[in-house]
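Please look over the sequence and the structure shown below before reading on. The notes after them are meant for a first-year student.

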Amino acid sequence: MNSTTDLRYVYAVTRPFDGLPPEGARGISGQPPRLVRHGDLVAVVDAVPAADFEEGPLKARLEDLDWLAGTARAHDAVVAALATVTCPVPLRLATVCRDDSGVRRLLEEGGERFERALDRLDGRMEWGVKVYAEEPAPPAEPASPRPSAGAGQARGSGRDYLRRRMEARRSREADWGRADALSRRLHAELSAQAEAAALHRPQDAKLSGVAGVNVLNAAYLVDRTRGQEFADLVHGYAEEGVQVRLTGPWVPYSFAGIGAEDEPPAGAATEPGDGTQTAVRP
Amino acid sequence: MTMPAPRPSASMAYQPEGGGANLADILERVLDKGVVIAGDIKINLLDIELLTIKLRLVVASVERAKEMGIDWWESDPSLSSRARSGELARENAELQRRIAELEERAELEERRG
């Protein structure tokens, strides 16, 4: 790789910490990330090829789901490894500078925002909680009417068919109702236990690979010392036809940019209505 | 300031009891969350909106959920349209019951008269 064409990919910002990024934190380049210090902040960076991360190619790359998935996983692996030794403030995917002086400029300009985010997130992790309404198995139906069936039987199987359809519909609606009711109870209780909560859009099964219909997709900011307690609380929720899934602990991505101070500067593009909300308890 | 590691290793962090994080979990965090700050390369994620990805991520399930009257990630959870439609369904049932009652009574009156 020609170093003159490399760019600097910034994963996260931390306070100066002892030691090196932990083993296993191999980034997008396959190399352990480097630290760039500026004042009281440290940027965790990687050298990435301009052929992928320069403006033009990057736009095209981001539309490639396989490339995006690999990059996102590498980004997350570095940030997660950092969380075992310090409090990282994760940056959004594909935050790229030309060189180290660009990285220092980024730290300089974002200084106060990073300080505030570090104060807010220090000692906390994020837990993801999703609720699914299970898809009931389709009703067992004969593939085709039996050829020998008489008129009476045919009418009977028609009625049977409708009855099965009705039952399947009722059962599905009951599952939805249960999943919805459980989500409300769960979200209310978890929000009360967490320092902050964020609702994400439900996920599409095509991408998540999870059967069932996603009803609740939430994230909670929880003190590190209370993680097990929080997980136990989530595991206490179960109901027929409803699945509750816990992920985490995550680096608090969902809470890294919250609050008025993280609105983009005037004149910049505003945050799209992406359907997510965050709420912080005072 | 450093914090003690919550788990022995980073890889452990994503092997929770619930079965782990899927690609959508990672993308919605890494892509949609995290601090947005201008680097030197102007890739405006807000502008291009990652259209194809976003579509694959959300549209199907969002539309599906809305069909079922669940849209409360867009508003206060306590104001779900499902709750409202549940309320409407109850009112509806109650009204139908009362109409049936009145019809029955009217029929009786008619026979007497």
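This briefing covers the nonpolar core, chain B and a contact between two helices.

This is a predicted model, in which local features need pLDDT of at least 70 and side-chain atom pairs count only at pLDDT 80 or more, while totals for chains, interfaces and linings use all residues. Residues are numbered from 1 along each chain as its sequence is written, and chains are lettered from A and ligands numbered from 1 in the order in which they are written.

**The core**
- The largest nonpolar core (buried Ala, Val, Leu, Ile, Met, Phe, Trp, Tyr and Cys residues joined through C-beta atoms within 7 Å) has 88 residues, and A:Ala43, A:Val129 and A:Tyr220 have the most contacts inside it.
- Helix α3 (residues 65-82) of chain A gives the most to this core, with nine residues.
- Because domain 1 (3-121) and domain 2 (124-135 + 175-280) of chain A both give residues to this core, it lies between them; the domain bounds come from an automatic or database domain assignment.

**Chain B**
- Chain B has four helices and zero strands, where helices (H or I, at least four residues) and strands (E, at least two) are DSSP runs numbered from the N terminus.
- Of its 113 residues, 27% count as buried, meaning that 20 or more other C-beta atoms, placed from the backbone, lie within 10 Å of the residue's own.

**Where two helices meet**
- A:Ala69, A:Ala72, A:Arg73, A:His75 and A:Asp76 in α3(A) meet B:Leu23, B:Ile26, B:Leu27 and B:Val30 in α1(B), contact being C-beta atoms, placed from the backbone, within 7 Å.
- The residues of this contact of α3(A) with α1(B) divide into six nonpolar, one polar and two charged; Ala, Val, Leu, Ile, Met, Phe, Trp, Tyr, Cys and Pro count as nonpolar, Asp, Glu, Lys and Arg as charged, and the others as polar.

Key
Buried ≥ 20, exposed ≤ 12 C-beta atoms within 10 Å, placed from the backbone.
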